[in-house]
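The following exercises concern strand pairing, a buried side chain and a ligand shell. Please work through each task before reading its solution.

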Amino acid sequence: MLDKIKEISVYIHWPYCLKKCPYCDFNSHTSKQEINYKDWESAYKNEINIEQNNLGIKNVRSIFFGGGTPSLMPPNLIESIIRTLSKKWNITKNTEITVEANPSSVEVKNFKNLAASGVNRLSLGFQSLNDNSLKFLGRNHTAKDSLKALEIAKKQFQRVSFDLIYGLPSQTALSWELELKSAIELSGEHMSAYQLTIEKGTPFYTLHRAKKIILPSETVLLNLYRITDELLNNAKLKKYEVSNYAFKNSESIHNVRIWEGFEYCGIGPGAHGRIKVNNKWFATHKYSSPKIWLSNNLQNKTTLYKNEEINSIERAQEVLLTGLRLTKGIKINTLLSNTNTNNIDAFININNLEKFKKLGLIDMNNSVLKITNKGFPVLNAIINKLIL
Ligand SMILES: C[S@@+](CC[C@H](N)C(=O)[O-])C[C@H]1O[C@@H](n2cnc3c(N)ncnc32)[C@H](O)[C@@H]1O
Ligand code: SF4
């Protein structure tokens, strides 16, 4: 039995992709030069050593390789990172180890070796099962590639999930329903369904402003969200977070722990962390530029762009913000004790809380605060008005 106090989650960021998708504002890049994997290996090792010396002995509950496209990392690099982590921290067979993967053939070739290196969960970026939508999203794979990748992934990994994006221009309730039904036929224990977000600074942002991309109306989007909930729910894929659905006990341990406010350490360019040192919370943020992160690291200069202590009120607000994404909501007492605060009115606007309760958007029962089904489609607006 792992000691809960000493449990940590680890996020590892790999910043490279084969192609930059026009809607994506993640810290992901295409590399013009050949990537020197030996340098990257040394850099990840250095950063892990620094974090481990700072944090002391820990039990690792989950590791998440995110990106970018971490399935493009050579499997022996992933293995080496896991091995380095396990030198000072405990990794057991219960440690959830996830890698995000694109369904292109380049990556599928790596699946067998990834599984052999200890990865036990794969999250595939399907985005759509419709080739026209994939073209619109600028993806370099087809629906057929996704099916092939899934077939191989299911053979290699204990747990497999895939991501879909909906709310595309001209998508109707009927076309989404048909696509989602095909997805359910293929799915296993977990699926993520994200509504397309137009992110500032992306090519989609420019096209949207120029009215060359017209999104479905709010009413259609709300309907698509309801259809997603209903169809997935009927298939026993229960919503556990605003965009994530899973069979019972098959939720992403890593993401749930972060939303619940547990400690996690971020390794790699742009990685965020929330760590506890001498009973104080710190927000860490590594340099986002892969070049700066790598060269600083290899010259033994700091890779920390930010390392700020966060006081108990700020931490309570952060945990409220992420905890309300979960359908199970958050326990007020846990929130207060984890953040050393005495009363929720220190970080919650009580007037607005009462208003949202009356409108049926928030539920507060037995000291658990949660968003209702009616509230989820307007989650961000609720959170903005709830936090002081
Ligand atoms: C950072 S990506 C990494 C996964 C992998 N590189 C891929 O693209 O398949 C994680 C997921 O975020 C989602 N995503 C990224 N940008 C988005 C956007 N603008 N709107 C909605 N979902 C988005 C996609 O579903 C994607 O699978
Ligand atoms: S969506 Fe995935 S593959 Fe596309 S640029 Fe972003 S991280 Fe890379």
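**Exercise 1.** Identify the bridge partner of K331 in β15, and describe the sheet in which β15 takes part.

*Solution.* In this predicted model, K331 is paired with V368 of β15. Next, consider the strands as wholes: β13 and β15 (residues 368-371) run antiparallel and are joined by two bridges. The sheet is open and consists of three strands, ordered β13-β15-β14, with antiparallel pairing. Strands β13 (330-331) and β14 (362-365) are at the edges and have a single partner strand each, so one side of each lacks a neighbour in the sheet. Finally, helix α14 (residues 350-358) lies across β14 and β15, and runs at about 100 degrees to β14.

**Exercise 2.** Determine which strands pair with β11, and state how many of its seven residues are buried.

*Solution.* Begin with β10 (residues 272-277), which is antiparallel to β11 and joined to it by six bridges. Within this pair, A283 of β11 stands opposite R274. The two strands form a hairpin with two residues between them. In that turn, N278 has a positive phi of about 50 degrees.

Then turn to β12 (residues 304-310), which also runs antiparallel to β11, with six bridges joining the two. Here K286 has L304 of β12 as its bridge partner. As for burial, β11 (residues 280-286) is mostly covered, since six of its seven residues are buried.

**Exercise 3.** Decide whether E47 is buried or exposed, and find the backbone atom that lies 2.8 Å from a polar atom of its side chain.

*Solution.* First, locate E47: this residue belongs to helix α1 (residues 37-55). Its relative accessibility is 2%; because buried means under 20%, E47 counts as buried. Leaving aside residues up to four places away in sequence, E47 touches G266, I267, G268, K286, W293, N297 and T303. For G268, the backbone nitrogen is the atom sought, 2.8 Å from a polar atom of the E47 side chain. The contact list also includes K286, the residue bridged to L304 in Exercise 2.

**Exercise 4.** List the residues around ligand 2 and sort the shell by class.

*Solution.* The residues around ligand 2 are C17, K19, K20, C21, Y23, C24, S28, G68, T69, N102 and R139. Sorted by class, the shell comprises four nonpolar, four polar and three charged residues. The nonpolar class takes in Cys and Tyr, and Gly is counted as polar.

Technical notes. Residues are numbered from 1 along each chain as its sequence is written. Chains are lettered from A and ligands numbered from 1 in the order in which they are written. This is a predicted model: local features need pLDDT of at least 70, side-chain atom pairs count only at pLDDT 80 or more; totals for chains, interfaces and linings use all residues. Side-chain values use heavy atoms; hydrogens and water are left out. Buried means under 20% relative accessible area, exposed over 50%, partly exposed in between (1.4 Å probe, protein chains only). Helices (H or I, at least four residues) and strands (E, at least two) are DSSP runs, numbered from the N terminus. Two strands pair if DSSP finds at least two bridges between them. A residue is near a molecule or strand if one of its heavy atoms lies within 4 Å of it. A polar contact is a pair of N or O atoms within 3.5 Å; within protein, one must be able to donate a hydrogen and the other to accept it, and residues adjacent in sequence count only if both atoms are side-chain atoms. Contact means heavy atoms within 4.5 Å. Axes are lines fitted to C-alpha atoms, for helices over the stretch in contact, and angles run from 0 to 180 degrees between N-to-C directions.
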